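Please open the model in your viewer and follow the stops below in order, selecting each group of residues as it is named.

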Amino acid sequence: METLVSTWSRTSQILPKNYVFPVGERPGPVDVPLCENIPLIDLSAGKSQSQTIEKILAACEEYGFFQVINHGVSEDLIDDAMKVVKDFYDMPDEDKAKVYSTDPSKSCRLYTSGYNYANEELHFWRDNLRHPCHPLDECIHLWPEKPTNYRNVVGKYSLEVRKLSLRILELIREGLGLESGYFGEELTGTQLFVINHYPPCPDPSLSLGLPKHADPNVITLLLQGTVSGLQVFKNGQWLGVEPLPHAFVVNIGHQLQIISNGRLRSAEHRAVTTSREARTTIVSFINPCLETIVEPAKSMINDGVPLYRPFMFKDFLKFYEEKKGDTKALMDAYKIKI
Ligand code: OGA
Ligand code: NI
């Protein structure tokens, strides 16, 4: 528990050396401008479906990121979920200690920084509660027992977010022209929640909540709340993603980049910290099942040459961990060399 940033930083105003990133990787003194170009897509039922699909595909090709509004998940449920996860981090240490673990193989755990703290040279300024969500009745018993409404609220919220993720995937499927049912259980059968907590940081210009990475999964839905911190790397520049209360930030993971044979982008992003207030985000990852073989969809291979070789998802995940954010080396290893 003493390694959690939220625990030790309560009594220290100093940024320890092992949180200071090298010059080229740290955010630096300037706040990046919030990017107004990351597309905002209205999912209201009244909108033309074909136009919505066009907008989503254009966003996935250009940015790998977009935000959705009027998405059908109730604002009250979103507020309740954000409140209960903040309540979780506000609990006394002895309650959080019940979920804290340094064992990476534990499926529900509270930990800090990256996947394996003990092996890190540099730490990230974040604590993280992580657990599976699907099928709900097979994993809810693993979740924190406190706050007492955690399981009820996060359970309902995870079902709604899953439904929305599948609805967006269905629009992408149609846009790409993939056969109906393409994103079935094999490709979407795992859902993981990551609840990031970034406490106020003594020097956000030197540290990072999460360093540059792209997500290894199929599709990610992120609830940013009202505090900014998410940045997307585009054309060599960092762009801030505006926090819009009740909107979801959607981004494409590596699996969708591979399935679409490189047409959709899995963009690199990071989380910066703030000195003023804590930031808590709820991230939902839709993943293939561990044993699923992933490969470019046949109909996406126009000239007969797939860009990527087939692989088992669990092997990809292992390699992803090993590569520690080196997206180029990771994806190059799966590219077919011509
Ligand atoms: C992640 C992530 C960003 C954020 O958890 O993979 O990119 O703003 N989070 O919390
Ligand atoms: Ni991410």
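Begin by selecting ligand 1 in this predicted model, and then show the residues around ligand 1, which are N196, Y198, L210, H213, D215, L222, L230, H269, R279, T281, V283 and F285. By character, this shell divides into six nonpolar, four polar and two charged residues. If you colour by secondary structure, you will find that β6 (190-198), β7 (210-213) and β13 (279-287) each supply at least two residues of the shell, and that the largest share, four residues, comes from β13.

Next, look at the oxygen atoms of ligand 1, where a polar side-chain atom of T281 lies 2.8 Å from an oxygen atom, one of R279 lies 2.9 Å from an oxygen atom, and one of H213 lies 3.1 Å from an oxygen atom. The protein covers 96% of the 290 Å² of accessible area that ligand 1 has on its own.

Now select ligand 2, the nickel ion, whose protein donors are H213 (NE2), D215 (OD) and H269 (NE2), lying 2.1 to 2.2 Å from the ion. Along the sequence these donor residues follow the spacing H-x1-D-x53-H. H213 counts as buried because its relative accessibility is 14%, and D215, at 4%, also counts as buried.

For the last stop, select E268, which is found in the loop between α8 (254-259) and β12 (269-271). Is E268 buried or exposed? With a relative accessibility of 18%, E268 counts as buried. The side chain of E268 is joined to that of T327 by a polar contact of 2.8 Å, and, leaving aside neighbours within four places in sequence, the residues in contact with E268 include K212, H213, A214 and W238.

Note on methods. Residues numbered from 1 in each chain as written. Chains lettered and ligands numbered in written order. Predicted model: local features only at pLDDT ≥ 70, side-chain atom pairs only at ≥ 80, totals over all residues. Heavy atoms only, no water. Buried < 20%, exposed > 50% of the residue type's maximum accessible area, 1.4 Å probe, protein only. Polar contact = N/O pair within 3.5 Å; in protein donor to acceptor, adjacent residues only side chain to side chain. Contact = heavy atoms within 4.5 Å. Donors = N, O, S within 2.8 Å, 3.2 Å for Na, K, Ca; no water. Near = heavy atom within 4 Å. Areas by Shrake-Rupley, 256 points an atom, 1.4 Å probe, with all protein chains shown as cover. Nonpolar A, V, L, I, M, F, W, Y, C, P; charged D, E, K, R; others polar.
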